[in-house]
Structures are given as C-alpha cells and as structure tokens.
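Reader: I am new to this structure and would like a friendly tour. Could we take a look together?

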Amino acid sequence: MNAAASFQSLQGEGVAATGEASAVHAAAAATPLIRLRGLDKVFDTDEVQTHALSAVSLEIARGDFVAITGPSGCGKSTLLSILGLLDAPSGGEYWLNGRDVAGLGRAARAQIRNDEIGFIFQSFNLIADLSVEENVELPLTYRNAIGRDERRRRVASALERVGMAHRARHYPGQLSGGQQQRVAVARALVGEPAILLADEPTGNLDSHNGEAVMGLLEDLHRGGSTLCMVSHDPSFAARAGRVVRMLDGRIHSDNAEAV
Ligand SMILES: Nc1ncnc2c1ncn2[C@@H]1O[C@H](COP(=O)(O)OP(=O)(O)O)[C@@H](O)[C@H]1O
Ligand SMILES: [Mg+2]
C-alpha cells in the first residue's frame, strides 16, 4: 500500500465524524484513558496460528508517556494497532475514554480513531503530492464540523508546535527525514486527539534527527499530551516516564509502580 492509500485507510475511508465522540468525553474523567484487561490477539494464517498478544492488561492515564519495548516480534506493533483501533482484539476488554471499544466494527472504530487517536509511523507516511500544510490538514477534512478558517488556524498552530511553520508550502520530498517526521507529528496533533501513538518514530532517522524527534515528543508530554511510543531502542524508551517491556506477546515488566 502506498502512503496515500495507507493514510486514507487509517482515516477510515473518509468516514464522517458525528457528535458521537462527545459521549466519550462525557465519560468520567477519573477513569483511565486506556484500560486493557486480558487482551488476546490471534492471527490465523494458513496452518499457523500466531498468538501475537496473550492476556495483556494495561492502563494508561491521561498525561502519561509510556514506552513499549521488547524484541522484534514480541507484539509491540500489534498492541499499538489495537490501541489505535486499526485492528480489533480476538478477546479481552478494551475501554477507551470510558467506552467499551473491544467489539466495535470497522466503521465505528474508524470514526472514534479519527476523533481520538493521532498516529506517528516509522516511515512518516506523508503524501508526496500534498504540501506540508495540506498533509497536516488532511485529518481535519474528514470532520464535517470544522470549517476552512478553523482548519487553517489549527494547521498553522500544529506546524508552529513542531517548529515547521516556515516549511508550510514545501513538499515532503524537499525535507529531511527528521523534518518529515516533525510534519507527521503535526498531522497527528492537529485533531487534538486524546492520545498520540508512535510506532518506532525514530526508527528511520539518523541519531541527530532521532534525537530531535524524541525531544519533540518529550516537549509534547511536558505540555500535557498523552503518548504511547513503541521503541526497541532502550535509550529512547527509558526517556518515557514509564517503560512497559513485552516478551512473546505478554507484558514482562512495567515500571508504573516505580514512578
Ligand atoms: N497481520 C498479521 N498476520 C499474521 N501474523 C502477524 C500479523 N501481524 C503480526 N503478526 C505476527 O505477530 C507477532 C507480533 O508481531 P508484531 O506485533 O509486528 O511485533 P513487533 O512489533 O514487536 O516486532 C509476530 O510473530 C508477527 O509475525
Ligand atoms: Mg513492530
């Protein structure tokens, strides 16, 4: 799938948002933003069954910065896809903002995803034919309630937050990897999601640009954003307040008690 197609499918093929999300916000503020209980994910492929996640229980509070780490194949991306409502669990409970989302179908997941989730990918997934500001505006175009002036205001503000306002009219191909990822962070932020999910956000970057993107995520956390970042790099993972280590589809350790 190319970047445009994958981003569009991420946004649920343009499913229009309704006022349904306000019910989510009305849920008690005291409940954790994310609550998983006994979550399982089994992939059935030909003759093989892969238990990608087994009995995963996890809570993420508003304002947390959580790193999920562990060896390749341990289930990190699968967990992030389920957290981001890109995929559904095979079993167990998932409560997002006080709402039971484990059993939702594809369309309902897409709608909540567009309102509540900001995604940052290892490969940036910017659309080459769109300018920086058009890329950042894209998630907002799926929301009928936001008019053009408000969209422009939000895009400018998101680009300001990531230090890329001066490149608004440029195209992704004219930017370094680190700059592209900062634009991707702006795109994830622009809809004011409840949580930012990042899968190996520094994985395609050299150490200098990786450091800059990591610093940006830390700034967002200090500004009150809730983040969940997958990283197999222990030094980046350690910079989140909380480190959840996975092994063979299970949570192996979680330093939540220590912070
Ligand atoms: N769509 C899929 N179909 C079948 N198996 C999958 C699929 N996605 C992931 N897996 C398997 O699930 C396990 C966990 O994968 P993944 O979550 O991508 O791990 P990580 O991100 O930690 O490297 C691996 O064994 C992987 O091969
Ligand atoms: Mg992965």
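**A walk through the strands**

Author: Happy to. Glycine 118 has leucine 196 as its bridge partner in β7. Please keep in mind that this is a predicted model.

Reader: Thanks! In which sense do β6 and β7 pair, and over how many bridges?

Author: The partners to look for are strand β6, residues 117-120, and β7. Their pairing is parallel, and the number of bridges is four.

Reader: Which residue of β8 is the bridge partner of leucine 196?

Author: Strand β8 covers residues 227-230, and β7 pairs with β8 in the parallel sense over four bridges. Within that pairing, the β8 partner of leucine 196 is leucine 227.

Reader: And through which helix does the chain cross from β7 to β8?

Author: Follow the chain onward from β7 until you arrive at β8. This β-α-β crossover is right-handed, and the helix on the way, residues 207-222, is α8.

Reader: How many residues of β7 are buried?

Author: Strand β7, residues 195-199, has side chains to follow in two directions: Ile195, Leu197 and Asp199 point one way, while Leu196 and Ala198 point the other way. Both groups are buried. That fits a strand described as mostly covered, where the buried count out of five is five.

Reader: Let's move on to the antiparallel sheet. Which strands are at the edges of the open sheet of four strands?

Author: This open sheet runs in the order β2-β1-β4-β5, with antiparallel pairing. An edge strand pairs on one side only, and the strands that do so are β2 and β5 (99-100).

Reader: Which residue in β2 stands opposite phenylalanine 43?

Author: β1 and β2 run antiparallel and are joined by nine bridges. Two residues lie between the strands in their hairpin, where aspartate 46 takes a positive phi near 45°. Across from phenylalanine 43, in β2, stands threonine 50.

Reader: What is the bridge partner of arginine 35 in β4?

Author: β1 also pairs with strand β4, residues 91-96, in the antiparallel sense over five bridges. Arginine 37 stands opposite glutamate 93 in β4. For arginine 35, the β4 partner is tryptophan 95.

Reader: Now for ligand 1. Which element gives the most to the shell around ligand 1?

Author: The residues around ligand 1 include Phe43, Thr50, Lys76, Ser77 and Thr78. At least two residues of the shell come from each of β1 (34-45), β2 (48-60) and α3 (76-83). The element that gives the most, with three residues, is α3.

Reader: By class, how many charged residues does the shell around ligand 1 have?

Author: The shell around ligand 1 has three nonpolar residues and seven polar ones. Its count of charged residues is one.

Reader: Finally, how far apart are the end C-alpha atoms of helix α6?

Author: Helix α6, residues 148-161, has 14 residues. At 1.5 Å a residue, the helix should span 20 Å, and the model agrees: the end C-alpha atoms are apart by 20 Å.

Reader: Which exposed residues does the face of α6 turned away from its buried side carry?

Author: Start with the buried residues of α6, which are Arg154, Val155, Ala158 and Leu159. They cover an arc of only 130° around the axis, so they sit on the same side of α6. The face turned away from that buried side carries the exposed residues Asp149, Glu150 and Arg153.

How values were computed: Residues are numbered from 1 along each chain as its sequence is written. Chains are lettered from A and ligands numbered from 1 in the order in which they are written. This is a predicted model: local features need pLDDT of at least 70, side-chain atom pairs count only at pLDDT 80 or more; totals for chains, interfaces and linings use all residues. A residue is near a molecule or strand if its C-beta atom, placed from the backbone, lies within 6 Å of it. Ala, Val, Leu, Ile, Met, Phe, Trp, Tyr, Cys and Pro count as nonpolar, Asp, Glu, Lys and Arg as charged, and the others, Gly among them, as polar. A residue is buried if 20 or more other C-beta atoms lie within 10 Å of its own, exposed if 12 or fewer, and partly exposed in between; C-beta atoms are placed from the backbone. Two strands pair if DSSP finds at least two bridges between them. A crossover is right-handed if, with the strands pointing away from the viewer, the path from the first strand over the helix to the second runs clockwise. The expected span of a helix is 1.5 Å times one less than its number of residues. The arc is that of the directions from the helix axis to the C-beta atoms.
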